[in-house]
Amino acid sequence: MVATRFVLKHWFAGALMACAVAQGSFAAEVAGVKLDDTAKVAGKDLVLNGAGIRTKVIFKVYAAGLYLAEKKNNVADILKQEGPRRMTIVMMRDVSSADFGDAFMKGINDNIDATEKAKYAGQIAKFGELFGAIPGVKKGDVLHLDLIPGAGTVAELNGKKVGETIADPGFYNAVLRIWLGDKPVDSGLKPALLGAAR
């Protein structure tokens, strides 16, 4: 009887844990910021590939998490992965719209060549306008940058779409290179997004 109770107790605990995982309630924690282990984008389940902190000088600016259909630790593999993808940013301090936008635009321009700059000139301009539509970001705000197959790059701030959908799936790779390119905005964040131990 005691053995039966023991088995049932552990089976029940295991079942609860399985349910929690299935519902995506378990989260990765980075410097006190929780990021879901899974995300659903364009109807597809994605997994958290890696997460880390963007710092500037000594200040923590935001926590970031990269979501993919399957985990990859190589930039080339990530950039050629098909299907939806997501970059989630959780602000850890207030930042003005101008400063936030300038940092993103610099990150793109530092990591694409002249040919790509010419090719994506229109998309880069739209991406810049996206930040003009945001009055600024506050601590705790959540920004999702999603690649939606058949549509393009979509930005959501606190659950609300911001700016236009930016067509051309190739442009999303230019966005990802802000963090994963040869000149990432934060050299410590890049390996974290690639799945290095937090």
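Asp110 has a relative accessibility of 31% and so counts as partly exposed, since the partly exposed class lies between 20% and 50%. Lys106, at 54%, is over the upper limit and therefore counts as exposed. In this predicted model, the side chains of Asp110 and Lys106 meet in a salt bridge, with N and O 2.7 Å apart. Both residues belong to helix 3, where four residues, about one turn of the helix, separate them.

The salt bridges in the model number seven. Another of them joins the side chains of Asp146 and Arg86, with an N to O distance of 2.7 Å. Asp146 sits in strand 9 (residues 142–148) and Arg86 in strand 6 (residues 85–91), so this pair ties together parts that are 60 residues apart in sequence. Asp146 and Arg86 are both buried. A further salt bridge connects Arg177 with Glu116, whose closest N and O atoms are 2.9 Å apart. This pair also links distant parts of the chain, with Arg177 in helix 6 and Glu116 in helix 4 (residues 114–119), 61 residues apart. Arg177 and Glu116 are buried as well.

Helix 3 and helix 6 appear again at the largest pocket, which has a volume of about 290 Å³. Its lining consists of 16 residues, and Lys56, Val61, Val95, Asp99 and Ala103 are those nearest the centre. At least two lining residues come from each of strand 4 (44–56), strand 5, helix 3 (97–111) and helix 6 (169–180). Helix 3 contributes the most, with four residues. Sorted by class, the lining holds 11 nonpolar and five charged residues, and no polar ones.

Strand 5 (residues 59–68) also contains Phe59. Together with Val57 and Ile58, Phe59 forms a nonpolar patch on the surface, and the three have about 380 Å² of accessible area together. Phe59 itself has a relative accessible area of 43% and is therefore partly exposed.

Two loop residues stand out by their backbone angles. Ala31 is not a glycine, yet its phi is positive, at about 50°. The loop that holds Ala31 runs between strand 1 (27–30) and strand 2 (33–36). With a relative accessible area of 45%, Ala31 is partly exposed. Asp168, also a residue other than glycine, has a positive phi near 85°. Asp168 is placed in the loop between strand 11 (160–166) and helix 6. Its relative accessible area is 27%, so Asp168 is partly exposed.

How values were computed: Residues are numbered from 1 along each chain as its sequence is written. This is a predicted model: local features need pLDDT of at least 70, side-chain atom pairs count only at pLDDT 80 or more; totals for chains, interfaces and linings use all residues. Side-chain values use heavy atoms; hydrogens and water are left out. Patches are made of residues with over 30% relative accessible area and no salt bridge: like charges are joined within 9 Å, nonpolar side chains (Val, Leu, Ile, Met, Phe, Trp, Tyr) within 5 Å. Accessible areas come from the Shrake-Rupley method with a 1.4 Å probe; for residues, only the protein chains shown count as cover. A salt bridge is a side-chain nitrogen of Lys or Arg within 4 Å of a carboxyl oxygen of Asp or Glu. Buried means under 20% relative accessible area, exposed over 50%, partly exposed in between (1.4 Å probe, protein chains only). On a 1 Å grid over the protein atoms alone, a cavity is a set of points where a 1.4 Å probe fits but cannot get out, and a pocket is an open set with protein on both sides within 12 Å along at least five of seven lines; lining residues have an atom within 4 Å of a point. Grid points are joined across faces, edges and corners, and a volume is the space filled by probe spheres set on the points. Ala, Val, Leu, Ile, Met, Phe, Trp, Tyr, Cys and Pro count as nonpolar, Asp, Glu, Lys and Arg as charged, and the others, Gly among them, as polar.
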